[in-house]
Amino acid sequence: MDVGLGQNQEREIKVGVVLDLQTNFSKICLTAIKMSLSDFYKDNSNYSTRLVLHVRDSMEDAVQASAAAALDLIKNEQVSAIIGPKDSMQAEFMIRLADKAQVPTITFSATSPLLTSIRSPYFIRATIDDSYQVKAIAAIVKYFGWRSVVAIYVDNELGEGIMPYLADALQDVKVERSVISAEADDDQISKELDKLIAMQTRVFIVHMGSSLALRVFQKAKEKKMMEAGYAWLMTNGITHMMRHIDRGSSLNTLEGVLGVRSHVPKSKQLEDFDLRWKRTFKNENPFMENEPELNVFALWAYDSLTALAKAVEKANTNNLWYDTPNTSANSKTDLGTLGVSRYGPSLLKALSDVRFKGLAGDFNLIDAQLGSSTFEIINFVGNKENVIGFWTLSSGLVNAVSNNKTLGQVTWPGKSTIFPKGWDIPGKKLKVGVPVRRGFLKFVDVDTTRNKVTATGYSIDVFEAALKKLPYQVIYEYVPFDYPDQSYDNMVHEVYNRVSSLFLPYFHANKYDAFVGDVSIIANRSLYVDFTLPYTESGVFMLVPMRDTNKNTWMFLKPWSLDLWVTTACFFVFIGFIVWILEHRVNTDFRGPPHHQIGTSFWFSFSTMNFAHREKVVSNLARFVVIVWCFVVLVLTQSYTANLTSILTEQRFKPDVITMKDLIRNGETSVGYQLGSFVRELLKTQGFRDTQLKAYTTSEHCNKLLSDGPTKGGIAAAFDELAYLKVILSQYCPKYALVEPSFKTAGFGFVFPKNSPLRGDVSRAILNVTQGKEMNDIEKKWFDQSNCPDPDSIDLSSHRLTFSSFWGLFLIAGLASFLALILFVAKFLYEHRHTLFGDAENSFSEKLTFLLRNFDEKDKRSHMFKESAVHNVSSPITQCSPRPSTVQMTPWQGSPAAQDIQFESRCVSLVQRDEFDTAPIGTR
């Protein structure tokens, strides 16, 4: 069948069209192609080229489409381009054939990404590649927080082509696969859906032909998979085509389903074409009972012809012929005699440059493929398609109305408005394995005596509290697991084996969906199962016995370090010396024989420790120094008292063993570990021998081994995780102490199968529990340590106060003392300046000797000595001649005149003030 327009001077360009002419889809698209040809040359009547269509029927067969139709068009008609075929299965061989002949092949409906892998430059996709939509699908999955999905796809090029791209876009999501044959009957579809029901995942992404997809949804509805709790998401092609099946009656089956489809902008041109297309189609198919509707693939077909007509006009038409190949006697097939189009390369280049506004949107080929950056998010409600949002590469998901980052209201299957959590437990009851322990029952205690399994303990309370925090209800039952070797590895493998039988009927019989208990999170177990976030503190500690340290004879020295003791003693001596200097000339308490003055100075200084000094301080400078020093002494004594009290009370006991290296070096010392714990292997890797390791089963057993000690067949230390050691401390806290962890661990966690969607929700719930008051209540319930010190507060290092803690105080005291000393010396030198500068005949040493002798004398001008002189006067003296018995002069080596002047000066002073020095000689 040939279709063409134009005669006379126009150059005719042959174009092949390969479609399944017996299907409604192909008839719809063929009508659009013819109308595109008519509309284009009606608007561009001045063009010098005209397309002539040569239509071939592929008869819904891939071999017929490639081997017969395409070969006939290339060899016999020598077409310049081919439009078609209908689907991806028919396209592969046709593309290879057209590539050999250099004939551009334009498809408007073959969407499989596998066709791109052929890498033919003559293959042009004028439709949306299926790989473009996977980012929009991934954005929806992430928006609703689903962590596991099942991709249901058809077992052919259409379905297989999208899977690598979908898995790559959903890297953080577990993607399981369900394959349905394109020729599957209803029974085969039902069996595949039964497998899906047995799985935990409740989010399904459907990618297949629209007719097969409708049958899948119909069977899913029969199996009650279109009810609340399920989520269905359709890809681009199905979403576009579903409303064209049975004139939209199929939409009721899709209640609550989400879909992704490429955005087709509305326009007046599109509305006018829709009306004209309906009239034309009815005229061409007068006997069709149910008139179909225009679909997006027909719009792409229309735009493909328009693009081809534009390109033909631009390309050079002087080489419209085929090169005839050199045939030989060995070429017995039609492929051997296939010619090569000389027009193909120039037409291909012209097509890549075509840009225009088409019915389906902007026509712009990028790497020979139609680009699309906008997808609509559709929610099927009743027989309506509600647009709840858009997705673009630059903005991601946006609301269809408000343009914010949230989707509109979604109606889910079962007319539910609560979005599905994305998973469910087959059988509706979670089988939780709990260990039957022999010891440490505060964590898990299982009772099976009343024909009903009940579990209590710290781990059980945390698990149940976490389940209450979930936004949905989880029905569970405890299943006991008894293990003779007390190892949790077997239980972990039971959870792992449950996953390996997912696709077996009644897979959950005698298996576990989770494992709850005091299970340590370690690397080799995480290879088989997933753990929640830990709910206990982490780390393997060493528990050691304590010995009383208060029996130490020199305990009173421990509050201060050696440097502080030495500094304090030196300052006592220093302050005593400064006070003696300041008081010696004015205070009789600091005078007398040398040994008496030294003793008084030391006595005065050290007695300030308890403020027991009785000597009066009369000098203002000395008073200033003493006040500062008393403040320093007060701080020192109070700090000493507080620290000594702390040592005698809080640190009364000291561990016998400080580090693990001490135990390893002593190869005969035994250490303990809990039976069945991974700690045994850790200790062996650290250097302990098997003969050194002893197992305990209960806290009482551990206490006995530690109490006996190595000499009586016990152990010197116990290694275990912090949670277990806290149980022991809660019972025997005064006897033992924890030493820094030897190993880092992750703590206790709950076990779930690999990629279980429940694991993430429970982890978040555990965070809510551990960060709230509820966790404190649970710990107080099972591990009451109100009478025990906090293990973190036990510091085995010294509590001694050092000089660095008080150097500021000593600095203040030293500066005050030096300041007072400098003022005293300056005043003293000023008063005796005539001695230093008045006589140049005496040497410096003589002057210094005189100053020292003068310093050793009493300061007669001091009020202390003035008062004494008044009280000691026996009779008034009116002459200037002092008595030898009461006045002693100390002449220095000067002139006689100078001596007379000094003597008369002193006499005048005494006469004027009526004061006499009556002190006996040698008492100054």
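This is a short walk through one helix, two annotated spans and one lysine in a predicted model.

Some housekeeping: since this is a prediction, local features need pLDDT of at least 70 and side-chain atom pairs count only at pLDDT 80 or more, while totals for chains, interfaces and linings use all residues. Residues are numbered from 1 along each chain as its sequence is written, and side-chain values use heavy atoms, with hydrogens and water left out.

Okay, helix H3, residues 88-101. Helices here are DSSP runs of H or I, at least four residues, and strands are runs of E, at least two, numbered from the N terminus. At the start of H3, a side-chain oxygen of aspartate 87 comes within 3.3 Å of the backbone nitrogen of methionine 89. Further along, H3 bends by about 25° at methionine 94 (the angle between axes fitted to the seven residues ending there and the seven starting there). Met94 is also buried, meaning under 20% relative accessible area with a 1.4 Å probe, protein chains only. Other buried residues in H3 include Ile95, Leu97 and Ala98. Just after H3, glutamine 102 has a positive phi of about 55°.

Next, the unreviewed UniProt entry annotates "transmembrane region" at residues 562-582, 624-642 and 806-826; such annotations may be inferred rather than shown by experiment. Residues 624-642 are 100% helix, with end C-alpha atoms 28 Å apart. Residues 806-826 are 95% helix, and there the ends are 30 Å apart.

Last one: is lysine 384, in strand S18, buried or exposed? Exposed, because its relative accessibility is 55%, and the cut-off is over 50%. Its C-alpha sits 9.0 Å from that of arginine 243, 141 residues apart along the chain.

Terms used
The expected span of a helix is 1.5 Å times one less than its number of residues. A polar contact is a pair of N or O atoms within 3.5 Å; within protein, one must be able to donate a hydrogen and the other to accept it, and residues adjacent in sequence count only if both atoms are side-chain atoms.
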